[in-house]
Amino acid sequence: MSEDTLSPFPEGWYFVTTAKSLRKAKLIQKAWMGLQIVAWCDDRGRSSVAESVCPHLGSELGPAAGGRVRDGCLVCPFHGYEFDIAGQCVATPFAPPPRTAKLRVFETREVLGMIFAWWGIDGRPPQWSLPEDPPAGADWCELRFQTLRFRGHPQETSENAVDMAHLRYVHGYGNVGRVGAVTLDGAHLLSSFDFKRNQSVVGITNLTFDVSATAHVVGLGYSFVEFHERSIGMDGRLWVLATPVDGTLIDLVLVSQLRRIRNPKRPIVGLRFLPPALRTETMNWLMLYFQKHDVMQDVVVWSRKRYRSRPSLCRSDGEIGMYRRYCRQFYPVPEDSTRRRVANRSAGYESAEP
Ligand code: FES
Ligand SMILES: [Fe+2]
């Protein structure tokens, strides 16, 4: 990796799909972290994510190749090997299953029905956990999703959480102010800030939001923002889930969820006449629309920018340097390359690193 290049697949938890879409489709295949993967679920709703390569003779396993799920097992379209949720081959049509036939499976974790899989450098097991599910239940509306695909990198998109200057400059937010210090705890970065945001709605009226937000960055594939909007009295959550597709493109999955708006402190366009559930659903749809609108402003820059490992920072850049140091943990040096380097060093092939 040269100095001004980021490795495209940093270690972490990355979004795959939702439990709801998996239950509906039974089996999906997609490009993820430079691989083709399949995800499927059994009748008990347990899901599995694996590389889409059969250990027998290498067939793809997704629906396009003829892969299917039968009795909770993934069945290869080529010779009918069957794999259980742990990826182990448990049956073949004409002979006992070979013990060595196992899929490359990725550990999974579900947060409010969103399925994430762990990508470990050199196959390392999970080094940290995603946060527990935030409180949900009847008071919260359904999650809404939107996916954007563009040329980018998850470190660049997650940097937004600490880049206060761009909030003003790119998004035009007013009264941007950091609240407390950015804190780091292993893979968990916490950044709180206030801002005001104006949005004209269909050119007729202007909505002003007065927002307090806390961004939790938990690795580079999972950013979760909790916010409170003061003028309406509205609480919500946004997720920004960056997932490398193929080493160049990323999928940025935007997710929005609002708490039921029962007694808005002020009128919200024409929404106050709607029953609270419908009012919240409509507002959630609007929030996702606003989120996409703002992210598209970033995408114009992200998709064309170059990574600068030694940026010329100014005082208003705040914690970008701190964020960059936090990110280093997601590019661990594989153990055997460390061993090789030490061996080379003692053999005089390589000078010691600073
Ligand atoms: S290639 Fe999958 S069963 Fe033969
Ligand atoms: Fe942004």
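In which order do the four strands of the open sheet stand, and is their pairing parallel or antiparallel? The order is E2-E3-E4-E9, and the pairing is antiparallel.

This is a predicted model, in which local features need pLDDT of at least 70, side-chain atom pairs count only at pLDDT 80 or more, and totals for chains, interfaces and linings use all residues. Residues are numbered from 1 along each chain as its sequence is written, chains are lettered from A and ligands numbered from 1 in the order in which they are written, and side-chain values use heavy atoms, with hydrogens and water left out.

**The open sheet**

Strands (E, at least two residues) and helices (H or I, at least four residues) are DSSP runs, numbered from the N terminus. Two strands are said to pair if DSSP finds at least two bridges between them. Strand E2 (27–32) and strand E9 (105–106) occupy the edges with a single partner strand each, so one side of each has no neighbour in the sheet. E2 and E3 are joined in the antiparallel sense over six bridges, and Ile 28 stands opposite Ala 39 in E3. At the other edge, strand E4 (residues 47–51) pairs with E9, again in the antiparallel sense, over two bridges. Here Val 49 stands opposite Phe 106 in E9. In a regular strand the side chains alternate between the two faces of the sheet.

**Positive phi angles**

The hairpin of E2 and E3 has two residues between the strands, and Met 33 takes a positive phi in this hairpin. Met 33 belongs to the loop between E2 and strand E3 (35–41). Asp 122, which also has a positive phi although it is not a glycine, lies in the loop between strand E11 (114–119) and strand E12 (144–151). The table sets out both residues; for accessibility, buried means under 20% relative accessible area, exposed over 50%, and partly exposed in between (1.4 Å probe, protein chains only).

| Residue | Phi | Relative accessibility |
|---|---|---|
| Met 33 | near 50° | 1%, buried |
| Asp 122 | about 55° | 59%, exposed |

**The iron site**

Donors are N, O and S atoms within 2.8 Å of the metal (3.2 Å for Na, K and Ca); water is not among the atoms, so sites may look incomplete. The iron ion (ligand 2) has as its protein donors Asn 160 (OD1), His 166 (NE2), His 171 (NE2), Asp 298 (OD) and Asp 298 (OD), at 2.0 to 2.6 Å from it. Along the chain, these donors follow the spacing N-x5-H-x4-H-x126-D. Asn 160 lies in the loop between helix H2 (154–158) and helix H3 (164–169), and His 171 in the loop between H3 and strand E13 (174–178), so the pair ties together parts that are 11 residues apart in sequence. Asn 160 is buried, with a relative accessible area of 18%, and His 171 is buried at 11%.

**Ser 158 in helix H2**

Ser 158 is part of helix H2 and is buried at 6% relative accessibility. With neighbours within four places in sequence set aside, Ser 158 is in contact (heavy atoms within 4.5 Å) with Val 217, Leu 220, Ser 223 and Tyr 323.

**Cysteines**

How many disulfides does a search of the whole structure find? The search finds zero, a disulfide being a pair of cysteine sulfur atoms within 2.5 Å. The sulfur of Cys 327 is 19 Å from the closest cysteine sulfur, in Cys 314, which is too far for a bond. Cys 327 counts as buried at 1% relative accessibility, and Cys 141 counts as buried at 8%.
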